[in-house]
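Let's take a walk through this one together, starting at the ligand and working outward. Have the viewer open so you can follow along.

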Amino acid sequence: MRIDIISVLPELMESPFKTSILRRAMDKGLAEVHFHHLRDWSTNKHRQIDDEPYGGGAGMVMMVEPLDKCISELKSQRNYDEVIYLTPDGITLNQKIANTLSIKNNLIFLCGHYKGIDQRVRDLHITKEISIGDYVLTGGELAACVLADSVIRLIPGVLNDEQSALTDSFQDDLLSPPIYTRPESYKGLEVPKVLLSGNFAQIEEWRHEEAVRITKEKRPDLL
Ligand code: 6GU
């Protein structure tokens, strides 16, 4: 998978892709992420990429021309499955969306800033608008990192233990059951006996029951 990320602040997104699982995915050649600084597509000498809104009002608008030039140049080089605009106005990211995107080959992520982008960029290029939740960030960069992380970890071969993505919270609309490791007893708190029993059918049944119980308690909307 190749992800091209367009932003005015690409520096903000460097470290997540240089660390841990995402780094390993890149090193294995399973994912590549390319950053594009929007100011490189500015058409004036001040490298301007935003301007005042027509009709007035507070805040600046990201201009159509630099964004159109940048996206058009990328599109001339390969076919993109989706051109995704990260915006609080988008549909809320969930595991199903991450699953769907994880089987794509080429994606563009556009990070919004200021009041947002000129509507004509949406009309010309954007195929999906994604938000990471009902709150406002200073820009789409952190949201782009969240989206990339949720998608890249699902690419086959990225996680060491293929099972582990399958038992994630949300993978089957249930939260995860409690987990324990050594020691068996700590400050009077004991590991549930069933987990020490070696009876795998019973363990799976307990885990499922606990997952249902915890989901009812914390996220009844999922059931
Ligand atoms: Cl994608 N962008 C911004 N600026 N804020 C957000 C968001 C995105 N998702 C949630 N809040």
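What follows goes from the ligand and its surroundings to a record annotation and then to two backbone oddities.

Keep in mind that this is a predicted model. Start with the ligand, which has 13 residues around it. Thr87, Ile132, Gly133, Tyr135 and Leu137 are the ones that come nearest. If you sort the shell by residue character, you get eight nonpolar residues and five polar ones, with no charged residue at all.

Where does the shell come from? Strand S5 (82–92) and strand S7 (128–131) each put in at least two residues. The top contributor is S5, which gives three.

Now zoom in on the polar contacts, where nitrogen atoms of the ligand come into play. One contact goes to the backbone: a polar backbone atom of Ile132 sits 2.9 Å from a ligand nitrogen. Leu137 also uses its backbone, with a polar atom there 3.0 Å from a nitrogen of the ligand. Ser131 joins in through its side chain instead, placing a polar atom 3.3 Å from a ligand nitrogen. As for how covered the ligand is, it would expose 290 Å² if taken alone, and the protein buries 96% of that. The space it takes up is the second largest pocket.

How does this line up with the annotation? An unreviewed UniProt entry lists Gly112, Ile132, Gly133, Asp134, Tyr135, Val136 and Leu137 under "binding site". From that set, Gly112, Ile132, Gly133, Tyr135, Val136 and Leu137 turn up in the lining of the second largest pocket, the space that the ligand takes. To find Gly112, look in the loop that runs between strand S6 (106–111) and helix H4 (119–124).

Finally, two spots of backbone geometry are worth a look. Most peptide bonds are trans, and most residues other than glycine have a negative phi. Against that background, check the bond joining Arg182 and Pro183: it is cis, with omega at about 5 degrees. Pro183 belongs to the loop between helix H6 (162–166) and strand S8 (185–186). The other spot is Arg47, which is not a glycine yet has a positive phi of about 55 degrees. You'll find Arg47 in a loop too, between strand S2 (32–37) and strand S3 (50–51).

Key: Residues are numbered from 1 along each chain as its sequence is written. This is a predicted model: local features need pLDDT of at least 70, side-chain atom pairs count only at pLDDT 80 or more; totals for chains, interfaces and linings use all residues. Side-chain values use heavy atoms; hydrogens and water are left out. A residue is near a molecule or strand if one of its heavy atoms lies within 4 Å of it. A polar contact is a pair of N or O atoms within 3.5 Å; within protein, one must be able to donate a hydrogen and the other to accept it, and residues adjacent in sequence count only if both atoms are side-chain atoms. Accessible areas come from the Shrake-Rupley method with a 1.4 Å probe; for residues, only the protein chains shown count as cover. On a 1 Å grid over the protein atoms alone, a cavity is a set of points where a 1.4 Å probe fits but cannot get out, and a pocket is an open set with protein on both sides within 12 Å along at least five of seven lines; lining residues have an atom within 4 Å of a point. A molecule sits in a cavity or pocket if more than half of its atoms lie within 2 Å of its grid points. Helices (H or I, at least four residues) and strands (E, at least two) are DSSP runs, numbered from the N terminus. Ala, Val, Leu, Ile, Met, Phe, Trp, Tyr, Cys and Pro count as nonpolar, Asp, Glu, Lys and Arg as charged, and the others, Gly among them, as polar. UniProt positions are given in the numbering used here, feature names are shortened, and annotations may be inferred rather than shown by experiment.
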